[in-house]
Amino acid sequence: MLANINHRIVYHRTRSKTPAVYPIEVNSFTISASDVPVDKSAMAGHCANGCPSYGKNGGCPPFSPDISLLLQEYGLATVIYIKLQAEHYPVRTIKGKSRASWKYTEAFLPVFMRRQVLELARNLNGFPITAGHCTGCRSCSFKQGGLACIKPAARVYSLGGCGVKVEELMANYSDSPLEWWDSTDPDYVPPYQLRVGMVLHKKDH
């Protein structure tokens with residue numbers, strides 16, 4: 001069932017010698033924590049079988065917590081997702097180099113997503129979780145073989161790594177199902193690129 005979604009546009013200016021401005025859609029909805037689809041074992045298994053951050057990043061399995069335990073602490077989950085429409089991708093997409101354009105947007109969308117999630121977490125006094133590996137440090141101590149996070153205040157765990165079934169979450173409640181890059185079809189351009197995060201918080205906020 002589609003949730004009640006809040007929409008806004010944020011114009012993001014890139015930091016480069018030739019800066020560009022991208023209209024990024026920032027969307028959010030809130031559901032009961034008990035409605036978040038989870039499967040820690042399955043999601044961690046996917047990470048172990050295909051993600052280079054597995055065991056190398058403090059925000060990812062096997063270091064990420066089981067979200068089922070976190071959900072017991074919080075009553076609500078606010079999902080925040082950002083979206084960049086394909087029509088606003090860099091011009092290289094139009095010229096046929098769509099993979100290069102997709103990778104370029106990946107350079108700034110995760111950073112933008114992290115800021116949105118952390119800001120919302122501060123406002124709600126909540127627990128932030130975001131897409132992908134933690135980027136709180138330039139070089140993760142776990143990648144160097146460490147056994148502890150050196151900046152725990154900056155650590156943000158992976159949504160999928162904690163056990164959230166993100167594809168099901170977005171299909172059930174959002175207006176934007178996940179779109180995947182198809183490396184077998186060089187002419188296919190997904191209609192948008194999406195990043196998903198979540199803040200767990202209590203009902204009295």
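Begin by selecting Tyr-173, which at 14% relative accessibility counts as buried, because the cut-off for a buried residue is under 20% relative accessible area. The model you have open is a predicted one, and the stops below move from this tyrosine to other rings, then to a surface patch, and finally to two buried residues.

**From Tyr-173 to its ring partners**

Keep Tyr-173 on display and add Phe-29, since the two form an aromatic pair of the tilted kind, with 6.2 Å from centre to centre and 35° between the planes. Phe-29 is buried as well, with a relative accessible area of 1%. If you colour by secondary structure, you will find Phe-29 in strand E2 (residues 21–32) and Tyr-173 in helix H6 (residues 166–173), so this pair ties together parts that are 144 residues apart in sequence. Now add Tyr-81 to the selection, because ring pairs link Phe-29, Tyr-81 and Tyr-173 into a cluster.

**A second ring pair**

The structure holds 4 aromatic pairs, and another of them is reached by selecting Phe-127 and Tyr-157, whose rings are stacked, at 6.3 Å centre to centre and with 10° between the planes. This pair also links distant parts of the chain, with Phe-127 in strand E4 (residues 127–130) and Tyr-157 in strand E5 (residues 157–158), 30 residues apart. Both Phe-127 and Tyr-157 are buried.

**Pro-61, reached from Tyr-157**

Leave Tyr-157 displayed and select Pro-61, which is 96 residues away from Tyr-157 in sequence but 9.1 Å away in space, C-alpha to C-alpha. Pro-61 is found in the loop between helix H1 (40–50) and helix H2 (67–71), and although it is a loop residue, Pro-61 is buried, with a relative accessible area of 2%. Which residues does Pro-61 touch, not counting those up to four places away in sequence? Select Ala-44, Cys-47, Tyr-54, Gly-55 and Gly-161 to see these contacts of Pro-61.

**A lysine over a ring**

Next, select Lys-83 together with Tyr-192, and orient the view on the tyrosine ring: Lys-83 lies over the face of Tyr-192, at 4.9 Å from the ring centre.

**Strand E1, exposed and buried**

Move to strand E1 (residues 6–13), where Tyr-11 is found. Is Tyr-11 buried or exposed? At 61% relative accessibility, Tyr-11 counts as exposed, and with Ile-9 and Val-21 it forms a nonpolar patch on the surface, the three having about 330 Å² of accessible area together.

His-12 is also found in strand E1, but at 13% relative accessibility His-12 counts as buried. To see what surrounds His-12, select Ala-20, Val-21, Tyr-22, Ile-24, Phe-108, Phe-112 and Arg-115, which His-12 touches when residues up to four places away in sequence are not counted. Val-21 therefore belongs on display at both stops, as a member of the nonpolar patch and as one of the residues that His-12 touches, within the contact limit of 4.5 Å.

**Stepping back to the whole protein**

Finally, clear the selections and show the whole chain, which has 6 helices and 6 strands, following the pattern β-β-α-α-β-α-α-β-β-α-α-β along the sequence. Of its 205 residues, 46% count as buried. Among contacts between residues at least 6 apart in sequence, 74% join residues at least 24 apart. The accessible surface of the protein comes to about 11200 Å², and 52% of that belongs to carbon and sulfur atoms.

Terms used
Residues are numbered from 1 along each chain as its sequence is written. This is a predicted model: local features need pLDDT of at least 70, side-chain atom pairs count only at pLDDT 80 or more; totals for chains, interfaces and linings use all residues. Side-chain values use heavy atoms; hydrogens and water are left out. Helices (H or I, at least four residues) and strands (E, at least two) are DSSP runs, numbered from the N terminus. Buried means under 20% relative accessible area, exposed over 50%, partly exposed in between (1.4 Å probe, protein chains only). Accessible areas come from the Shrake-Rupley method with a 1.4 Å probe; for residues, only the protein chains shown count as cover. Rings of Phe, Tyr and Trp (its six-membered ring) pair if their centres lie within 6.5 Å; planes under 30 degrees apart count as stacked, over 60 as edge-to-face and the rest as tilted. A charge sits over a ring if NZ of Lys or CZ of Arg is within 6 Å of the ring centre and within 35 degrees of the ring normal. Patches are made of residues with over 30% relative accessible area and no salt bridge: like charges are joined within 9 Å, nonpolar side chains (Val, Leu, Ile, Met, Phe, Trp, Tyr) within 5 Å. A salt bridge is a side-chain nitrogen of Lys or Arg within 4 Å of a carboxyl oxygen of Asp or Glu.
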